[in-house]
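I opened this structure to look up a few local features and kept short notes as I went. The entries follow in the order of looking.

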Amino acid sequence: MDSNAISRNSCRAGEAALSILKAHYPIVLTLQCHLQKVLRSEDFDGLLNGSDPQQYTTLLTTSYVASYVAIAECPNQTGRFVAAPPMSHMRDVIDRAQERLFLKAKGGRPSNIITAGYRKVTQQDSRTRVAATRMPLVNYFVNTIVTALQGQDWELLLNRIGEEAMLHLLTETSVFVSLPNGCFCQLTGDPIVNIRPSDLSDRSVVPFTSENSSLAERSRGIKRRLVAGHSTDSRPAKRRKMNAASIAGRTKGLEQTSGDTNIVRKTPADITFLRARMFYSRPAIVPHTSKIVFGLPPKHILNRMYPCWLAKSHGDEMRVDPDPREQMEHARHLAKYVFPRQYGLSSPFGFAASSQWIGSRPPDFLDREQELKLKGPCKTPQRVKAVLNTLDKLIWRHRKCRYKSLLDLSCPSKLRPDTASLDSSVILELMSETSIRLQTQATFHDGSISLDSAGRPVVYHTASPAQKSAKYKPKFAEFMCGADEVFRYAVLVTKAVIPKALWGSDRNFKITMNNVKHLIVARRYETLTLHHALQDFQTSDCEWLMPASEGARQQTRVSVSDALKRRELLEEFLFWYFDSFLIPLLKTTYYVTESSAFRNRVLYFRHDDWETLCAPLVEKLSMDTFQRIEQHEAQEILRQRRLGFSFVRLLPKDTGVRPIVNLRRRVDNDAYRPGQSINQILQAAFQILTYEKDRQPERLGASVFGPNEVYVKLKTFKDRLIVGNPNAKLPRLYFVKVDVQACFDTIEQTKLLEILRELLVEDAYMLQRYGTVNKAGDKIQRKYVKKALPEDDHPHFLTYAAELAKVLRNTVFSDQVVYPFSRRKEIIALLEEHITENIVKIKNEYYRQVVGIPQGSVLSALLCSFFYGDLERRKFRFTEDDECVLMRLIDDWLLITTDRSRAIEFYDMVSSGHPEYGCFISKDKSLLNFEHPDLVNIVDPRSKVFPWCGYSIDMRDLSVTVDYTRYHPTYLQDSLTVEFGRRPGAAFSFKMMQLAKSKSHIIYNDAALNSSHVVHLNVYQNFLVLAMKMHHYLRSWGLDVSKHHAFVLKTIRQALRFAYTSACNKASHKLARTHDAHVNLHERQVTWLGLHAFHTVLSRKPQAYVRLLKVLGFELSLPRYRGLRKRFRPVLTDGLSTLSSLCF
């Protein structure tokens, strides 16, 4: 076959999946292309014959070979394999390949997929693998990838290419066979899921020869050429050389200290300030007292020298100058914290690749005493000596700083002076989640109250603008500290402690304070990089960065090496200021958290205020939900259990605070290797319960877990009502919505364990493990997947991957081969320990949870679904006929029926409660669309939709829209996360694509479930919200839209196209095909609705989007969109009500 035919065959695979391979490997060729380069031409000509099986031809033309070895183009054919007739079968060649890989590992465990499930024979092994004559290996777990390599197509390939070429494929390359929908499955090589795309820049490409056919292990230190397209540094050669020399110099001391020459280096763009350390902190206490520390934490290096809580306004010791020798000793000690690279200490800029930090949580550089002790005494670097006097001033200013007074000045307590003396019941009423809501008490003075036929008041589920404003001001809002107050406190402390000389100028100080404000007001998951903090900072203003010699100071021109040294010192100081001064300062002074009311907005509470407000709640919690246990008893329990203990934190929400048990927190086994969290230990139980959920869906009752199950239930119910006549009008529908009160905290533990023992029927379960790599936009996503199966149901992974490929597109699968097993009795014991022996730590005391289940557990949703599913199977059988549909999302029930008496019966039954299950409903959260003898919230008669769990269901035809009424005025900006990293433009485009796709589910676009008006309304509303979020994103990002209007316009067009294709793709999925879904959307109509939505939203801010609005207006006026405005006028009218409700 000629090269053109080979090139055409190489394009058959999915381009997206192929781009994933090219991002991980510099050399990616089809198997046929690769063999053409490694075989002699006469041997390659016999690779394919006209009579070959189709499976063999497909293997050659659609499989890909990836490697780091560049195949040399040798016209004299030297260095190529000879296709000699094999003297053995594929099984024997695989044995030799495994032996070669174990020998190359030099006593370690090889990572190649074909060696997974094998190990060297030890004295404990009673049997060895057949045909292992050179190096005895034992197969301790079935490797189905090895089984696939012994197929007929691979045997035929072995006969065509010979043993040496086959060994080359098995040991020195990664082979990927094609699957449906552009997917691949890896057969050889290191698992791609364990390789990061960023590692490609550190790997070199080696010319391939038969004498030197190994990978990069044999070729380190040799000059090599990079493959075209993989050299991304476009800077001048001299600049790259100087920068490389600087980076090498930065880590030279670390190499000498650690003895490891393989150093992982990071640039300022790679270093982020870990804001996550500020969150959910407990107050720091003065040793041997109960006094809260404000300012820096007690273990901070400055507090080790002079504790800030000992500062006094008067005192002889404050007037006496300290010993100069002691002061300089302290300054030199502090310099090791501020400038660790100059002393060869570990730093975020570089650490040994063999360090225990890799793959673990990032190191905390707040305490270096142990590292300094191991390093021993060392000389002060010359460039650091110039700043020692300034550091001495910093220590002295810290000693005099009164942090508490600065806090009271800039951010006074939000509790009134008499609040501390309030009774605990009053504070409980203020902050408790279950406190009485006054707005539910109906009075005849309220104009919104109507009377039913019997003269009883009826409360409609509506709210005036004033009521909405009050609703969106949660109870805890009056105790929060504003971001401006927190920023003012940070500025005052910085001015009081950090000498002005370190900033160099007022301009540099102002730039840094802007970054401080950015860090404070940033949302929960937003980050700030060191590169961002360095922008516009003038190193020439800082005299302490200059060399100590007078001649160097007088130079008008700075050499490149000196400029890089100044930049290096500045990077270290700014990193220390943000990471080891500012973040600990905020963490020690404030309780930092997010809330369910404000989504990703970060909230700050003074630690003393938060302690006062939460003390009665914690006390009540320890009496009702938890039982205190003695310290010695707790230690004995923890010694015998796997799950350890967890902490309780209080999450602010609309009606107060909710206790959350933090089960994701890892228990540290040592300083560098954190152990497993409770949720990680429970992963096996989670996968087993998920398997039983899929195998025994009847045990879930009316449970739904997302839009898929909601769509199935609504679509099936509507099909039953119309009985094959799509145009039939539905009968009157009655809706009942009820919510279980304190769902997780009231579940009966004994009853739940009985249900679980009946649920688990297998004696043992196997946990299949594999990895997937796919691409979302420009981002490559890796995922490790686990799936529980019965012990005797071992899957053939290649067959299983082919089944997955029918659902997933453009994905690369990689088997992990070795699957763990879990016995039923072990899982039952673990579940019983988790449910009945949940140990939490509140302050310094241990408690056992005596009622309910942990709310932060990975199992909570499944346990709750099985528990209430059992209740429904026993008590609510009457809702299983054709005229009813019952759904429950965790603890929110929704009944839709054509029989009013059945709706009343259901409500009466759930409102009376079920003590054996601990099930009682919150009547103030109940909602009906008909009158009831009890005083119950009723949907406004003018409303056509019924709200439930984020959906708005039309009460006439069951059409589904998004419930935008639950969005408060700041919901959109609070729900965003703005990226300020390396590629903010690519991150912006990716987020806009994902937001455009978010409402493309078939539940919103199925024309058989929704009317045509509702389908187009869903599209239009989605674009309206997308446009509003885009505006908030651009404003937070700070992009000048007038200069980059072309980029924003391109992103808008991509988002419109992506939303349309996503909706069409959803219609081809298995769920849609199974339920005969129809998506009657046309690209021209979707594009016009999107353009109109963006034009309408952005026209509210005309000054910011002048040029963009002109282009959008022009496109809307094009002839191809003629007539669409008139057709979609009702859609525009209903959709624009969304815009007004969001107060944009």
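How many aromatic pairs does the count come to? I got 45 aromatic pairs. I note here that the model is predicted.

**Entry: rings around F575**

I took up F349 and F575 from the aromatic pairs. Their ring centres are 6.3 Å apart and their planes stand at 65°, an edge-to-face pair. I then looked up where the two residues belong. F349 is in the loop between α14 (324-338) and β10 (350-352), while F575 is in helix α25 (residues 560-589). The pair therefore links distant parts of the chain, 226 residues apart. I checked burial as well, and F349 and F575 are both buried.

F575 has a second pair, with F365. Here I read 6.2 Å between the centres and 75° between the planes; the cut-off for edge-to-face is over 60 degrees, so this pair is edge-to-face. F365 lies in the loop between β10 and α15 (369-375), so its pairing with F575 in α25 ties together parts that are 210 residues apart in sequence. F365 and F575 are both buried.

**Entry: helix α25**

Since F575 sits in α25, I looked at the helix as a whole. Does its end-to-end distance agree with the expected span, or disagree? At 1.5 Å a residue, its 30 residues should span 44 Å, and the end C-alpha atoms are 42 Å apart, which agrees. I also found a kink of about 30° in α25, centred on Y577. Of the 30 residues of α25, 24 are buried, so the rest of the structure largely encloses this helix.

**Entry: helix α9**

I looked up burial for helix α9 (residues 163-172) too. It is mostly covered, with nine of its ten residues buried. I listed the buried ones, among them E163, H168 and E172. Also on that list are M166, L167, L169 and L170.

**Entry: charges over rings**

Which charged end sits over the ring of F279? I found that of R524, 3.9 Å from the ring centre. I noted another case at F705, where the charged end of K693 sits over the ring, 4.9 Å from its centre.

**Entry: S926**

I placed S926 in the loop between α36 (900-912) and β27 (927-928). Is S926 buried or exposed? Its relative accessibility is 1%, and the cut-off for buried is under 20%, so S926 counts as buried. A polar atom of its side chain lies 3.3 Å from the backbone oxygen of S922. Leaving out residues up to four places away in sequence, I listed what S926 touches: K737, V738, Y907, I921, V936 and N937.

**Entry: positive phi**

I looked up two residues that are not glycine and yet have a positive phi. I890 has a phi of about 60°, and C949 one of about 50°.

I890 is in the loop between β25 (884-889) and β26 (892-897). Its relative accessible area is 19%; with buried set at under 20%, I890 is therefore buried.

C949 is in the loop between β29 (945-948) and β30 (951-954). Its relative accessibility is 30%, so I entered C949 as partly exposed.

Definitions and conventions:
Residues numbered from 1 in each chain as written. Predicted model: local features only at pLDDT ≥ 70, side-chain atom pairs only at ≥ 80, totals over all residues. Heavy atoms only, no water. Phe/Tyr/Trp six-rings, centres within 6.5 Å; stacked < 30°, edge-to-face > 60°. Helix = DSSP H or I, 4+ residues; strand = E, 2+ residues; numbered from the N terminus. Buried < 20%, exposed > 50% of the residue type's maximum accessible area, 1.4 Å probe, protein only. Lys NZ or Arg CZ within 6 Å of the ring centre and 35° of its normal. Polar contact = N/O pair within 3.5 Å; in protein donor to acceptor, adjacent residues only side chain to side chain. Contact = heavy atoms within 4.5 Å. Expected span 1.5 Å × (residues − 1). Bend = angle between axes of the 7 residues up to and from the residue.
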